[in-house]
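User: Hi! I'm new to this one and would like a short tour. Could you walk me through it?

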Amino acid sequence: MNKYLIAIFASVALMFSCTGNNAKGNDGAAPADSAGAVDTLAPDTMEQLIAETPMPKAADELFDDFIFNFAASKALQMKRVRFPLPVTFEQRPGRADSISRAAWKTEHFFMRQGYYTLLFDNRRQMSRVKDTTVNQAVVEKINLRGKTIKQYLFSRVNGQWMLNRINIEPISVNENASFLHFYKRFAADSAFQVRSLAETVKFVGPDPDDDFGQMEGILTPETWSAFAPEIPSKLLYNIVYGEPSGGGNQKIFLLRGIANGLEVEMTFVRSGGSWKLVKLVT
């Protein structure tokens, strides 16, 4: 992210240092599917700050910088959505729809849930996040329970990112279908998690004896419960930067907090038709 968003995060952090933070609901319970200790107030505050600050031209250089602005600002969406916006259905070629300017409802994507998720096939693919030559991107809203994916297709024309189309498809036809079917059960079933561990799982995490250090080790089925992260089980977001590269037998799953330091990275490998967790970084 560029200096513009970093400055906003700093403002949010200063605000919380003065007011405190409460991520629980009125009944004192944590929000459902919260993916762990994720701030839910911080994104709302950051969203307001972004919406009230004009987006600089530099934010169009990287899709990540643009999408945070786009998700927070109704005014920006009115400028960057091509109306009437076509809506297509992957497995229903004869069915199509469109959304008029008057009917458009502000899409906040992942801003309200306090975290977002990403799926990559490899490290090289991860580098596209910072690639200023990427001129197309797709934001995928993955409904694991509904078994559908809503895709928002963006392209950059004359230096400006625009939303051109929405496509709706069943998970079964998505390039990540095999992994998503696996992940749905992995996220919801602790016993299945244990059965889905590689013989040994490499672990990298913060060192409890050193505030700035990290520790490395090996996780086994017997120690998994002490280190298993909370991950979302109902709704995922994914961003495809540039051209889709196909399925593959490796998936790097990232969970990142908004306006906080939460980050979980899980690497899975498919062997013999089964997905296994081989590495966890927290």
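Analyst: Happy to! One term to begin with: two strands pair if DSSP finds at least two bridges between them. Helices (H or I, at least four residues) and strands (E, at least two) are DSSP runs, numbered from the N terminus. This is a predicted model, in which local features need pLDDT of at least 70 and side-chain atom pairs count only at pLDDT 80 or more, while totals for chains, interfaces and linings use all residues. Residues are numbered from 1 along each chain as its sequence is written, and side-chain values use heavy atoms, with hydrogens and water left out.

User: Thanks. How many bridges join β1 to β6?

Analyst: Three, and the two strands run parallel. β1 covers residues 85–89 and β6 covers residues 160–170. Within that pairing, V87 stands opposite I166 of β6.

User: Which residue of β5 is the bridge partner of I166?

Analyst: That is Y152. β5 (residues 148–157) runs antiparallel to β6, and 10 bridges join them. Their hairpin has two residues between the strands, and N158 takes a positive phi near 55 degrees there.

User: What holds paired strands together in general?

Analyst: Backbone hydrogen bonds, with the strands either parallel or antiparallel.

User: What about the open sheet, which order do its strands take?

Analyst: The order is β3-β10-β11-β12-β7-β8, six strands with mixed pairing. β3 and β8 (210–219) are the edge strands, each pairing on one side only. From one strand to the next, the twist averages 20 degrees. At the β8 end, β7 (residues 197–207) pairs with β8 in the antiparallel sense over seven bridges, and G205 has M215 as its bridge partner in β8.

User: Which strands does helix α6 lie across?

Analyst: Helix α6 (residues 177–188) lies across β3, β10 (250–257), β11 (263–271) and β12 (274–281). Its direction is at about 120 degrees to β11. Contact means heavy atoms within 4.5 Å. Axes are lines fitted to C-alpha atoms, for helices over the stretch in contact, and angles run from 0 to 180 degrees between N-to-C directions.

User: New topic: how many salt bridges are there?

Analyst: Five turn up in a search of the whole structure, counting a side-chain nitrogen of Lys or Arg within 4 Å of a carboxyl oxygen of Asp or Glu. One of them joins the side chains of R123 and E265 at 2.2 Å, N to O. R123 lies in helix α5 (residues 123–126) and E265 in strand β11, so this pair ties together parts that are 142 residues apart in sequence.

User: And cavities, how many does the search find?

Analyst: Two of 30 Å³ or more. On a 1 Å grid over the protein atoms alone, a cavity is a set of points where a 1.4 Å probe fits but cannot get out, and lining residues have an atom within 4 Å of a point. Grid points are joined across faces, edges and corners, and a volume is the space filled by probe spheres set on the points. The largest cavity has a volume of about 130 Å³. Among its 16 lining residues, L119, Q125, E175, V240 and S245 are the closest to its centre.

User: Which strand gives the most to that lining?

Analyst: β9, with four residues.

User: Last one: which peptide bond is cis?

Analyst: The one from F83 to P84, with omega near -10 degrees. P84 is in the loop between α4 (74–80) and β1.

Definitions and conventions
On a 1 Å grid over the protein atoms alone, a cavity is a set of points where a 1.4 Å probe fits but cannot get out, and a pocket is an open set with protein on both sides within 12 Å along at least five of seven lines; lining residues have an atom within 4 Å of a point.
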